[in-house]
Amino acid sequence: MSRPRDSILWGVLLLIIGAAFLLWNLGVLASYEAAIGWIAVGLFGILGVSMLVSQVLSPQAWWRVIPAMTLLGIAGVVLLSMQNAPPVWIASALFAAIALAFVIIYFGERQERWWAFIPFAAMAVMVAVMVLSNAGWPPLAVGVVLFAGMGLAFLLIYALAKDHRALSWALAPAAALLLMALVALAAYLASLDSTLASGVRFWPALLVILGVVLIGYGVTRSRKPSPPP
């Protein structure tokens, strides 16, 4: 809230939401449930779109994308609740909207706002975990998705960077998370069939082979003469 106008806007918004919830809890608005639901969808939708438009007109105020998409997500939550959608889809609507906000921020300036990809990945993976858990996936399989999703996110931060050397640090958490994904995947496959368990235990040999390849690459590169200044 860097400006008084932003403070007033959020103050009015919180005042309206607080008053609406208070009247609802007191039973004053119970007989107008359907109408209030549609009013809430329209109100949150209009506010969200208005903030997106203001961000387009003032690109330096990129932070407005986050509350804008959050308001649109709340509109989606209210709409899905009115349609008696499953709770997992209602929660996923809000997380997906916030994740999309960080995608917009990231692609607005990839070099300076690389950090936005991390909350996006966290939200996106959370949605996937909720949906898969609700669908009855085993915990080990959900763990594979969790670790692999976050690992791929850090790998994409490095791959999409304009200056790979500046963001080479992202390879460390990517490698750690993808390694945990392999561990979870091996445990999951072993739990499916006892015959698989005997073969799966040799999966660390892949890491040994990869380590040998990286050592060979490093040794080969180090022996090349450096270019003249």
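What share of the contacts in the protein with a separation of 6 or more comes from residues 24 or more positions apart? Residues that far apart account for 56% of them, where contact means heavy atoms within 4.5 Å.

## The basics

This is a predicted model, so local features need pLDDT of at least 70 and side-chain atom pairs count only at pLDDT 80 or more, while totals for chains, interfaces and linings use all residues. Residues are numbered from 1 along each chain as its sequence is written, and side-chain values use heavy atoms, with hydrogens and water left out.

The protein has nine helices and zero strands, so the elements read α-α-α-α-α-α-α-α-α from the N terminus on. Both kinds of element are DSSP runs numbered from the N terminus: helices are H or I with at least four residues, strands are E with at least two. Of the 229 residues, 26% count as buried. Here buried means under 20% relative accessible area, exposed means over 50%, and partly exposed is in between (1.4 Å probe, protein chains only).

## Helix α2

Helix α2 covers residues 33-57. With 25 residues, α2 reaches 36 Å from its first C-alpha to its last, close to the 36 Å expected at 1.5 Å a residue; the expected span is 1.5 Å times one less than the number of residues. Buried residues in α2 are G37, A40, V41, F44, G45, G48, M51 and Q55.

Take Q55 from that list: its relative accessible area is 14%, so it counts as buried. Setting aside neighbours within four places in sequence, Q55 is in contact with A61, W62, R64 and V65. V49 also lies in α2, but at 46% relative accessibility V49 counts as partly exposed. From V49 to A68 is 19 residues in sequence and 6.7 Å in space, C-alpha to C-alpha.

## Helix α3 and the loop after it

Helix α3 (residues 65-82) has 18 residues, which should span 26 Å at 1.5 Å a residue, and its end C-alpha atoms are indeed 26 Å apart. V65, P67, A68, M69, L71, G73, A75 and V78 are buried in this helix.

Just after α3 comes N84, with a positive phi of about 55 degrees. N84 has that phi although it is not a glycine. N84 sits in the loop between α3 and α4, and its 68% relative accessibility makes it exposed.

## A101 in α4

Helix α4 spans residues 87-108 and holds A101. This alanine is buried, with a relative accessible area of 0%. Apart from neighbours within four places in sequence, A101 is in contact with V65, I66 and M69. A116 is 15 residues away from A101 in sequence, and their C-alpha atoms are 8.9 Å apart.

## α5 against α6

Helix α5 (residues 117-134) packs on α6 at an angle of about 160 degrees, with the axes 9 Å apart. That makes α5 roughly antiparallel to α6. Axes are lines fitted to C-alpha atoms, for helices over the stretch in contact, and angles run from 0 to 180 degrees between N-to-C directions. Angles over 145 degrees count as roughly antiparallel, under 35 as roughly parallel, 65 to 115 as roughly perpendicular and the rest as oblique.

The crossing of α5 past α6 is right-handed: the near helix is turned clockwise from the far one by less than a right angle, while anticlockwise would be left-handed. On the α5 side, the contact uses F117, I118, A121, A122, V125, A128, V129, L132 and S133, and these meet V142, V145, L146, G149, M150, A153, F154, L156, I157 and L160 in α6. The residues of this contact divide into 17 nonpolar, two polar and no charged. In this scheme Ala, Val, Leu, Ile, Met, Phe, Trp, Tyr, Cys and Pro count as nonpolar, Asp, Glu, Lys and Arg as charged, and the others, Gly among them, as polar.

## α6 against α7

Next up is the pairing of α6 (residues 139-160) with α7 (residues 171-192): their axes come within 8 Å and cross at roughly 160 degrees. That makes α6 roughly antiparallel to α7. Here α6 passes α7 in a left-handed crossing.

Among the α6 residues in this contact are L140, V144, F147, L155 and Y158, and the α7 residues they and others meet include L171, P173, L177, L185 and Y188. The contact of α6 with α7 divides into 21 nonpolar residues, three polar and no charged.
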